[in-house]
Amino acid sequence: MKTFKNANVYVAGEGVKKCNLSFGEKIEKISRCADKTAEVIELPEGAIVLPGFVDQHIHGAGGSDGMDGTVEDIAIIAKTIAAEGTTSFLVTTMTQSPENITKALSAVKTYRETDKGDGARVVGVHLEGPFIAAAHKGAQPLEYVKAPDIETFDKYNAASGNSIRIVTLAPEVDGAAEFISHLTAQGIVASIGHTGAKYPDIEKAVSLGASNVTHTYNAQTALHHREIGTVGSAMLIDELNCEMICDTIHVSVPAMRLLVKNKPADKLTLITDAMRAKGIPDGVSELGGQTVYVKNGEARLADGTLAGSVLRMNRAVQNMVEKVGVPFTQAVDCATINPAKNLGIDNEVGSIAVGKRADFTVINANYDVLMTVRGGEVIYKA
C-alpha cells in the first residue's frame, strides 16, 4: 500500500481537498487519517493530485506513430505521453491502405496482450478514417478514402482484438446510416468528423446513435446562419460530446470560449490529436507518408494544412483555465472524467474515488507534471 500524505487531491464530487490518499493497484482509502502502514510518497508543497488524463485522440509522440504498426512504437508513445500526465489513451489510426491499417491494428492487439505497464495504458483504438468525406480529408491521403463498409470495418476490428472504441466517419456519405447503427449496436462510439454534413445529416446520425464530434471546428462544415453545419450542430445538440484541440492553433481562443459556452460541462473533451513530432525538437517529420514541417508548436503539410499537433495534455488543461477562462476542476474534467464517460470506462478511470484504478497525475501550480501513476505504480517522475 502507498499513500499521498496530507496532499491536495481532486476528489470526485468534492473538489480539491487536503487528505490522505491510500492506494495499491486501486484506490483504497481517502481520509483525514494517515495509514501508518503505507509507504508514503512525498510530494512538494503545492502539488495537486489529479486523476490520470485520458486522451481519446492521439496519433503519436516521441518520434513514433500508431500507424508505424509495431509494438515498439506504441511503447514509445505510451512512455512519452506519461510525462504529460496521460495514463489512458486510444491509439489513433488514419486513412491509409488496408494493409497499413491492419498492421497498425494488429500491433495494438499484441501490445495490449503484452503490456508491461511502464507507460500510459492503451484502452483501445480510435479509427480516424478511412470512412470520411474526400472534400474534408484534412491531412489524410485522398487515395485511401473509402465509403463506409461494414465488412471492412469488422475485419479491422477483428485485427485489433475487438478493441476499436471510436470510429470517425462522415454521416452524409452513402452507407453511413447502416454503418452508424452497426457501430452503436456494438457499443462503439460513432464520431462525426472529416465531414461536409449539414444539420439534417447530423440530426439523423444522432438518432441512429452517433455521439461524438471529432476535433470540433477542424475538417468539418462551419456555422452559417442559413445552415448551421457540423459546428453549429455540435453546439446545438446536447447529446454530442465534442472533442477540442486546445492549443490556440487549431482553434482560436474565442472559438473555444464559444464551444464551452454552448456545451453541457460533461460533453466537452480535450484531445491532443498529437503526431510523432510531439516530445522531440522542431524540424521535418511525417504523417501518413506525407512530409510535415514542425515549427513553433505548429505541424503543417507543405501546403499549410494543419497536420495534427504537438500539444501536451497538461498544457491543454492549462490553456483551458488561463486562456479560455474555465474553472480549474471543470478543465480537468475535460481531460479525465468526460472522455472516460464517452468511452464507457468511467467505472474504472477518470476520477479519484475508492475502488477506481490508482491512475494519477501530479502537477504543480505551473501545470508541470511532477509524477504520473498508473495502477499504483509510478510511470513518470520529473
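## Helix α8 and the glycine after it

Let's start with helix α8, which covers residues 313–324. A good part of this helix is tucked away from the surface: M313, N314, A316, V317, Q318, N319, M320 and V324 are buried. Right after α8 comes G325, and its phi is positive, near 85°. Keep in mind as you look around that this is a predicted model.

## The chain as a whole

Zooming out, the protein chain holds 10 helices and 22 strands. Its C-alpha trace spans about 65 × 45 × 40 Å along the principal axes. How does the radius of gyration fit with a compact globule? For 382 residues such a globule would come out near 21 Å, and the protein chain has 20 Å, so the two agree.

Of the 382 residues, 57% are buried. Contacts tell a story about sequence distance too: among those with a separation of 6 or more, 68% are between residues 24 or more positions apart. On the outside, the protein chain has an accessible surface of about 14800 Å², and carbon and sulfur atoms account for 49% of that.

## A look inside: V125

For a close-up of the interior, try V125, which sits in strand β10. Is V125 buried or exposed? Its relative accessibility is 0%, so V125 counts as buried.

What does V125 touch, once you set aside its neighbours within four places in sequence? The list runs L90, V91, T93, L105, V108, S160, S163, I164, R165 and I166. Take L90 from that list: L90 and V125 are 35 residues apart in sequence, yet their C-alpha atoms are 4.8 Å apart in space.

## Charges and salt bridges

The protein chain carries 37 positive and 45 negative side chains. The centres of these two sets lie 5 Å apart. Searching the whole structure turns up 13 salt bridges, and three of them are worth a visit here.

One is between R276 and D68, with the closest N and O atoms 2.7 Å apart. This pair ties together distant parts of the chain, 208 residues apart. R276 is in the loop between β15 (268–271) and β16 (283–287), while D68 is in the loop between β8 (64–65) and α1 (71–82). The partners sit in different burial classes: R276 has a relative accessible area of 12%, under the 20% cut-off, so R276 is buried. D68, at 23%, lies between 20% and 50%, so D68 is partly exposed.

Another salt bridge brings D359 to R121, and here the closest N and O atoms are 2.8 Å apart. Where do the two partners come from? D359 is in the loop between α10 (337–343) and β20 (360–363), and R121 belongs to strand β10 (residues 121–128). That makes another link between distant parts of the chain, with 238 residues separating the pair. Both D359 and R121 are buried.

E348 and R357 also meet through their side chains, in a salt bridge of 3.4 Å from N to O. E348 has 30% relative accessibility and so counts as partly exposed. R357, at 26%, counts as partly exposed as well. Beyond single pairs, salt bridges that share partners join D68, R276 and E286 into one network.

How values were computed:
Residues are numbered from 1 along each chain as its sequence is written. This is a predicted model: local features need pLDDT of at least 70, side-chain atom pairs count only at pLDDT 80 or more; totals for chains, interfaces and linings use all residues. Side-chain values use heavy atoms; hydrogens and water are left out. A salt bridge is a side-chain nitrogen of Lys or Arg within 4 Å of a carboxyl oxygen of Asp or Glu. Helices (H or I, at least four residues) and strands (E, at least two) are DSSP runs, numbered from the N terminus. Buried means under 20% relative accessible area, exposed over 50%, partly exposed in between (1.4 Å probe, protein chains only). The radius of gyration is taken over C-alpha atoms; the globule rule is 2.2 Å times the number of residues to the power 0.38. Contact means heavy atoms within 4.5 Å. Accessible areas come from the Shrake-Rupley method with a 1.4 Å probe; for residues, only the protein chains shown count as cover. Lys and Arg count as positive and Asp and Glu as negative; His and the chain ends are not counted. The place of a charge is taken as NZ of Lys, CZ of Arg, CG of Asp or CD of Glu.
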